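Trainee: Please take a close look at one part of this model, the pairing between its strands, and then place that part within the whole chain.

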Amino acid sequence: MKRHQGRRILVTGAATGIGLATARFLAAEGARLYLVDLPGSSLEESTLALRGQGEVALLHLSVTDEAAVQEAVGDMVARYGGIDAVVNSAGVVAVEPALEASLETFRRVVDINLTGTWIVCQAVARQMADNGGGAIVNISSVYGFQGAPKRTAYCASKGAVIALTDSLAVEWGPFNIRVNSVVPTGTRTTMVQDLIDRGIYNVDAVSRRTPLRRLAEPEEVAAACGFLISSEAGMVTGHHLRVDGGWLANGYLM
Ligand SMILES: NC(=O)c1ccc[n+]([C@@H]2O[C@H](COP(=O)([O-])OP(=O)(O)OC[C@H]3O[C@@H](n4cnc5c(N)ncnc54)[C@H](O)[C@@H]3O)[C@@H](O)[C@H]2O)c1
């Protein structure tokens, strides 16, 4: 029996990167998937192989659109009869000096990374609370625990995702809803490739500072998400699982 066989799982930001790797991981484990990403994203193309593998529904929306998220959750419940787990991977980064950063950029990053995560959490938890519980994983970042230059909005949003996760874990524990986060270091996804292409991400410097001396692969982050939403993590809630090669453990220059 596969670990996620028949489980009904929503993944946001599923067109690329960590979200796509998580969808692949869960499809191989037998999950019934509901995958969402922005209109105009590559969701159809990137999930082509998955759709031959099992039950997969796709929907284009922004996680910042509360009405659309609520409608999607209703549609997922109508289709599958409930929701067992959610992985909130939709997110964006912005890199600009804090003295010059626009309020518009700050609001956009917080709106997607924090408010969008909250909107999805609340919509699915209302279903889960009425149906015996469930599991939620939010993707934070090592920058949810540390500052970084030119990433003010990103760090603030990811730190808030940690606080959001803790608060929801505490409040929803009695409903048997577990809420955890995964804390990746630099991971080889579209997001990081875009920064590399723009010359504002130094893979060698990041690798040198990392005890394991490399970036993470999206599949490694996906596996951590898979664990946290599995029954093997049945007593784990309010936990922040680092997938960072030792980045946060390290306080020394290397
Ligand atoms: N790649 C890294 O180094 C890294 C490190 C730590 C944390 N993270 C976090 O992991 C998550 C996934 O990032 P990734 O690296 O896979 O990036 P990615 O850019 O490859 O994937 C993010 C996906 O989210 C989607 N998305 C963006 N805004 C959305 C919205 N409003 N509604 C729905 N979907 C939206 C994008 O279209 C994209 O498909 C993000 O929250 C990111 O902050 C990434």
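**The paired strands and their surroundings**

Mentor: Within strand E2, Val 36 is the residue that bridges to Thr 12. This is a convenient place to start, with the reminder that the model is predicted. Thr 12 belongs to strand E1, which spans residues 8-12, and E1 runs parallel to E2, with five bridges between the two strands. E2 itself is mostly covered, since five of its six residues count as buried.

From E1 the pairing can be followed to another strand. E1 is also joined to E4, again in parallel, and here there are four bridges. One point of register is given by Ile 9, which stands opposite Ala 85 in E4. Strand E4 consists of residues 85-88, and its side chains alternate in direction: Ala 85 and Val 87 point one way, while Val 86 and Asn 88 point the other. All four of these residues are buried, Asn 88 included.

E4 has a second partner in E5, the strand of residues 134-139; these two are parallel as well and share four bridges. Ala 85 takes part in this pairing too, with Ala 135 as its bridge partner in E5. Ala 85 therefore links two pairings, as it stands opposite Ile 9 and bridges to Ala 135; it is also buried, a term that here means under 20% relative accessible area.

The path continues from Ala 135, whose bridge partner in E6 is Arg 178. E5 and E6 are parallel and are joined by six bridges. E6 covers residues 177-184, and eight of its eight residues are buried. Its two faces can be listed separately. On one side are Ile 177, Val 179, Ser 181 and Val 183, and on the other are Arg 178, Asn 180, Val 182 and Pro 184; both sides are covered. For a biochemist, Arg 178 deserves attention, as this charged residue is among those buried on E6 and is also the bridge partner of Ala 135. Read in order, the parallel pairings described here are E2 with E1, E1 with E4, E4 with E5, and E5 with E6.

Several residues outside these strands help to complete the picture. Trp 247 lies in the segment that follows strand E7 (240-243). With a relative accessible area of 8%, Trp 247 is under the 20% limit and therefore counts as buried. Leaving aside residues up to four places away in sequence, Trp 247 touches Val 142, Tyr 143, Gln 146, Thr 185, Val 206, Arg 209, Thr 210 and Pro 211. Of these contacts, Val 206 and Arg 209 fall within helix H8, residues 203-209. Another tryptophan, Trp 172, is 75 residues from Trp 247 in sequence, and their C-alpha atoms are 30 Å apart.

The loops offer a contrast. Gly 40 sits in the loop between E2 and helix H2 (43-46). Its relative accessibility of 82% is over the 50% limit, so Gly 40 is exposed. The C-alpha atom of Gly 40 is 7.9 Å from that of His 60, which lies 20 residues away along the chain.

Two further loop residues concern backbone geometry. Most residues other than glycine have a negative phi. Lys 150, however, has a positive phi near 65 degrees. This lysine is in the loop between E5 and helix H6 (152-172), and is partly exposed at 47% relative accessible area. Arg 213 likewise has a positive phi, of about 65 degrees. Its place is the loop between H8 and helix H9 (218-228), where Arg 213 is partly exposed at 44%.

Finally, the whole chain. It contains nine helices and seven strands. The radius of gyration is 17 Å, close to the 18 Å that the globule rule gives for 254 residues, so the chain is as compact as a globular protein of that length. Its C-alpha atoms fill a box of roughly 50 × 40 × 35 Å along the principal axes, and 51% of the residues are buried. Among contacts between residues at least 6 apart in sequence, 70% join residues at least 24 apart. The accessible surface comes to about 11600 Å², and carbon and sulfur atoms account for 54% of that area. There are 22 positive and 25 negative side chains, and the centres of the two sets are 6 Å apart.

How values were computed
Residues numbered from 1 in each chain as written. Predicted model: local features only at pLDDT ≥ 70, side-chain atom pairs only at ≥ 80, totals over all residues. Heavy atoms only, no water. Rg over C-alpha atoms; globule rule 2.2 N^0.38 Å. Buried < 20%, exposed > 50% of the residue type's maximum accessible area, 1.4 Å probe, protein only. Contact = heavy atoms within 4.5 Å. Areas by Shrake-Rupley, 256 points an atom, 1.4 Å probe, with all protein chains shown as cover. Lys, Arg positive; Asp, Glu negative; His and termini not counted. Charge placed at Lys NZ, Arg CZ, Asp CG, Glu CD. Pairing = 2+ DSSP bridges.
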